[in-house]
Amino acid sequence: MENVLRPLIVGGGSVVLALLVGWAVDRLLRKADERHSETPLWDLLRRGRVPFQLVMCTAALRSSYGQGHILVNHQVAIGRILTLVLIGSTAWLVIRIAAAIVETSYTRYASTHHDAARLRRVRTQVTLITRVVAAVVGVVAAASMLLTFPAMRAAGASLLASAGILGIVAGIAAQSTLSNLFAGLQIAFGDMVRLGDVVVVEGEWGTVEEITLTFLTVRTWDERRITMPVSYFTSKPFENWSRGGVQMTGTVFFHVDHCAPLPAMREKLRDILRECPAWDGRHYDLTVTDSTPSTMELRALVTAKDPDDLWKVRVTVREQLIDWLAREHTYALPRVNTADAILPPSQLDGRADGVPHRATRARVHEAPRTGPGRG
């Protein structure tokens, strides 16, 4: 009877005691969260209740396993398994606690600072710091698990003796990975690119959605995701539209006939912008930037508070100004002029009838005289 009750009392009592301690700690954290709702620390710490209870249960079983006389023939193997679970759950708990502390620090910083660019920079740093801590804790936990095996401890001396050669070989083999790792740290603390920045890379316009220690994800305007190594942003030039302020100036190009009413077009541009909510009111202009034998090129300058609003202003100006020209000033749209072809003087002198003027009437291809121009 003792062989049955003793293991049940020791093992079951250890598990029940650990669960009760975990439940009590969770209740205390919930009470603290209700009293101090202005800080998310206590609620974030509650996310670690599962690894905390696992640590308590494993530690209780590991310490009381020898008193329970359970599976004596497999005592070494079960003890090692409990040790491995204890190390893994402890690492899990440490990562959760570190993430809660870092996230709480960012929340307090964000509540007192309202500069969007600075908040994106701090958010990027916080995200990478959390991942660095998780990586370091994971490596330490894995090394600790390996050292629980006697064979690994015996091989430790030989591995330490060849650490220099192994370091050189690993450095050469993982050169790309290490470069990305250091590039990720450089991006985080060098303020080169941040979460939420609008960038143009490889001709693609998008928003930085995720930054890790090795790669960076850009979400394009058409909901595609471009994943790039972070070393790209430290070795190649790219456009960052959010750095130094998000206000932007954009252009809209039009091709119109030479007789287009420029003063009326400037007034219409002003009226369109005044009715456009996306225009920030800073500046606008309409100038002639080029001239060809058939058309002249107009450039409209518009401003907006961010890239998204700038896109809305540009498409609104282009659409409404072309529509106004098509309705009110059709003659100002691009046209292809046609005329009678005139022969060279040498061919005119050789005609039998001696007519010195237009001898042959030919017409070039004539395009429609109305239609929307391109901007």
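The following exercises, each with a worked solution, concern a predicted model of a protein.

**Exercise 1. Overall composition**

Determine how many helices and strands the protein contains, and what share of its residues counts as buried.

*Solution.* The protein has 13 helices and 8 strands. Its chain comprises 375 residues, and 31% of these count as buried. The exposed surface is about 22500 Å², with carbon and sulfur atoms supplying 61% of it. Turning to contacts between residues at least 6 apart in sequence, 64% join residues at least 24 apart.

**Exercise 2. The setting of strand β8**

Establish which strands pair with β8 and in what sense, and decide whether β8 is largely enclosed or open.

*Solution.* Begin with the partners. Strand β6 (residues 248–256) pairs with β8 in the antiparallel sense over 9 bridges; within this pairing, Thr251 stands opposite Leu301. Strand β7 (residues 279–291) also pairs with β8 in the antiparallel sense, over 8 bridges, and here Val288 is the bridge partner of Leu298. The connection between β7 and β8 is a hairpin with 4 residues between the strands.

Next, consider burial. Because 8 of the 9 residues of β8 (residues 296–304) are buried, the strand is largely enclosed by the rest of the structure.

**Exercise 3. The largest nonpolar core**

Identify the elements that supply at least two residues each to the largest nonpolar core, and describe the contacts of Leu298.

*Solution.* The largest nonpolar core has 28 residues; Phe254, Met265, Leu298, Val313 and Val317 have the most contacts inside it. At least two residues of this core come from each of β6, α11 (262–274), β7, β8 and α12 (307–328). The greatest contribution is that of α12, with 7 residues.

For Leu298, set aside the neighbours within four places in sequence; the residues then in contact with Leu298 include Phe254, Val256, Leu262, Met265, Leu286 and Val288.

A further core, of 16 residues, lies apart from the largest one, and Leu195, Ile211, Val218 and Met228 are among its members. As a general matter, nonpolar side chains in soluble globular proteins tend to be buried together.

**Exercise 4. A nonpolar patch on the surface**

Name the residues of the nonpolar surface patch and the helix that gives the most to it.

*Solution.* The patch is formed by Val50, Leu54, Ile81, Val85 and Trp92, which together have about 410 Å² of accessible area. Two elements, α3 (49–68) and α4 (75–112), give two or more residues to it. Helix α4 gives the most, with 3 residues. Trp92 is found in α4; its relative accessibility is 35%, so Trp92 counts as partly exposed.

**Exercise 5. Salt bridges**

Trace the salt bridges of Arg225, and compare the burial classes of Asp309 and Lys305.

*Solution.* The structure holds 12 salt bridges. The side chain of Arg225 meets that of Glu209 at 2.9 Å, N to O. Since Arg225 lies in strand β4 (residues 225–229) and Glu209 in strand β2 (residues 204–211), this pair ties together parts that are 16 residues apart in sequence. Arg225 also forms a salt bridge with Glu223, at 3.6 Å, N to O. Glu209, Arg219, Glu223 and Arg225 are linked in a network of salt bridges. Arg225 is partly exposed at 44% relative accessibility, and Glu209 is partly exposed at 37%.

Asp309 and Lys305 form a salt bridge in which the closest N and O atoms are 3.1 Å apart. With the cut-off for burial at under 20% relative accessible area, Asp309, at 11%, is buried. Lys305, at 45%, is partly exposed.

Definitions and conventions:
Residues are numbered from 1 along each chain as its sequence is written. This is a predicted model: local features need pLDDT of at least 70, side-chain atom pairs count only at pLDDT 80 or more; totals for chains, interfaces and linings use all residues. Side-chain values use heavy atoms; hydrogens and water are left out. Buried means under 20% relative accessible area, exposed over 50%, partly exposed in between (1.4 Å probe, protein chains only). Two strands pair if DSSP finds at least two bridges between them. Contact means heavy atoms within 4.5 Å. Accessible areas come from the Shrake-Rupley method with a 1.4 Å probe; for residues, only the protein chains shown count as cover. Patches are made of residues with over 30% relative accessible area and no salt bridge: like charges are joined within 9 Å, nonpolar side chains (Val, Leu, Ile, Met, Phe, Trp, Tyr) within 5 Å. A salt bridge is a side-chain nitrogen of Lys or Arg within 4 Å of a carboxyl oxygen of Asp or Glu. A nonpolar core is a set of buried Ala, Val, Leu, Ile, Met, Phe, Trp, Tyr and Cys residues joined through side-chain atoms within 4.5 Å.
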